[in-house]
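Here's a quick tour of one protein model, written for someone who likes to check the atoms as they read. Have the viewer open and follow along.

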Amino acid sequence: MIKLIAVNPDNWRLGLKVSETQKSFVSDSMKLLARAYAYRNSRSNAFVIYNDTTPVGMALYYDCEEINAYDFSQLFIDERYQGNGFGIEAARQILELMKSDGKYDKVVLCYIDGNEAARNMYEKLGFRLTGEYDGNEIVMEKVLR
């Protein structure tokens, strides 16, 4: 069963990583933690994703006041645990947290062109392309209702 545990002193150094082929698409855990710290004044929420008691990935979101939305900044599943549906279930739970928080009614995220697995997963979750780009990243959004 997938559950989200906030990053804390006991779980931030678990050695979770993506495969070599995904490194051009996904940030590693240290970059995720650095971004969580950088956005701490924007209510950043960093999580370790667990399958029961096994850590399998990490995720991060924070408030983006400039566009009146949550920024679903990062999500990755460790290379050892991919292909089990953990990413989509963790993303569903994070979207529910955003919805119950209720500060914004929209979520934005970016994925790097060529990462079709991410695009497909986010489309299954109801995200739609906006037609906008942020550098080499493609912007998607979802309305929370």
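## Salt bridges first

Glu65 and Lys103 pair up in a salt bridge, with their closest N and O atoms 4.0 Å apart. Glu65 sits in the loop between strand 3 and strand 4, while Lys103 sits in the loop between helix 2 and strand 5, so this pair ties together parts that are 38 residues apart in sequence. Keep in mind that this is a predicted model. Glu65 counts as exposed at 60% relative accessibility, and Lys103 counts as partly exposed at 41%.

What else is this pair linked to? Glu65 and Lys103 belong to a network of salt bridges that also takes in Arg43, Asp63 and Asp101. Within that network, the side chains of Asp63 and Arg43 meet at 2.6 Å, N to O. Asp63 comes from strand 3 and Arg43 from the loop between helix 1 and strand 2, so here the bridge ties together parts 20 residues apart in sequence. Asp63 is buried, with a relative accessibility of 5%, whereas Arg43 is partly exposed at 35%.

The count for the model comes to ten salt bridges. Another of them joins the side chains of Lys23 and Glu20, at 2.9 Å from N to O. Lys23 counts as partly exposed at 47% relative accessibility, and Glu20 counts as exposed at 62%.

Here are the three bridges side by side:

| Pair | N to O distance |
|---|---|
| Asp63 and Arg43 | 2.6 Å |
| Lys23 and Glu20 | 2.9 Å |
| Glu65 and Lys103 | 4.0 Å |

## Two backbone spots to look at

Most residues other than glycine have a negative phi. Arg43 goes the other way, with a positive phi near 55 degrees. Arg43 is the loop residue between helix 1 and strand 2 that bridges to Asp63. Asp52 also has a positive phi near 55 degrees, and it isn't a glycine either. Asp52 lies in the loop between strand 2 and strand 3. Is Asp52 buried, exposed or partly exposed? At 45% relative accessibility, Asp52 counts as partly exposed.

## Tyr62 and its surroundings

Tyr62 lies in strand 3, and it is buried, with a relative accessible area of 5%. Which residues does Tyr62 contact, leaving aside its neighbours within four places in sequence? They are Arg35, Tyr39, Ser42, Arg43, Ser44, Ala69, Tyr70, Asp71 and Ser73. So Arg43 turns up once more, this time as a contact of Tyr62, with Arg43 itself partly exposed at 35%. For a longer reach along the chain, take Tyr62 and Val107: they are 45 residues apart, and their C-alpha atoms are separated by 9.9 Å.

## Nonpolar cores

In soluble globular proteins, nonpolar side chains tend to be buried together. In this model, the largest nonpolar core has 30 residues, and the ones that touch the most other members are Ile49, Phe72, Leu75, Met98, Tyr122 and Phe127. Strand 1 (2-6), strand 2 (45-51), strand 3, strand 4, helix 2, strand 5, helix 3 and strand 7 each put in at least two residues. Helix 2 has the largest share of this core, at seven residues. A second core lies apart from it, with twelve residues, among them Val18, Leu32, Tyr50 and Tyr62.

Back in the largest core, Phe127 is a handy residue to click on. Not counting residues up to four places away in sequence, Phe127 touches Phe72, Leu95, Val107, Leu109, Tyr122, Met140, Glu141 and Lys142.

## The largest pocket

The largest pocket has a volume of about 1200 Å³. It is lined by 48 residues, and Val26, Leu75, Asn115, Ala118 and Tyr122 are the closest to its centre. Elements that give two or more residues to the lining include helix 1 (29-38), strand 3 (54-64), helix 2 (86-101), helix 3 (116-124) and strand 6 (128-134). Strand 4 gives the most, with seven residues.

How do the lining residues divide into nonpolar, polar and charged? There are 23 nonpolar, 13 polar and twelve charged. Two names should ring a bell: Leu75 and Tyr122 are among the lining residues closest to the pocket centre, and they are also among the core members that touch the most others.

Terms used. Residues numbered from 1 in each chain as written. Predicted model: local features only at pLDDT ≥ 70, side-chain atom pairs only at ≥ 80, totals over all residues. Heavy atoms only, no water. 1 Å grid on protein atoms, 1.4 Å probe; cavity = no way out; pocket = protein on both sides within 12 Å on 5 of 7 lines; lining within 4 Å. Points joined across faces, edges and corners; volume = space filled by probe spheres on them. Helix = DSSP H or I, 4+ residues; strand = E, 2+ residues; numbered from the N terminus. Nonpolar A, V, L, I, M, F, W, Y, C, P; charged D, E, K, R; others polar. Core = buried A, V, L, I, M, F, W, Y, C linked by side-chain atoms within 4.5 Å. Buried < 20%, exposed > 50% of the residue type's maximum accessible area, 1.4 Å probe, protein only. Contact = heavy atoms within 4.5 Å.
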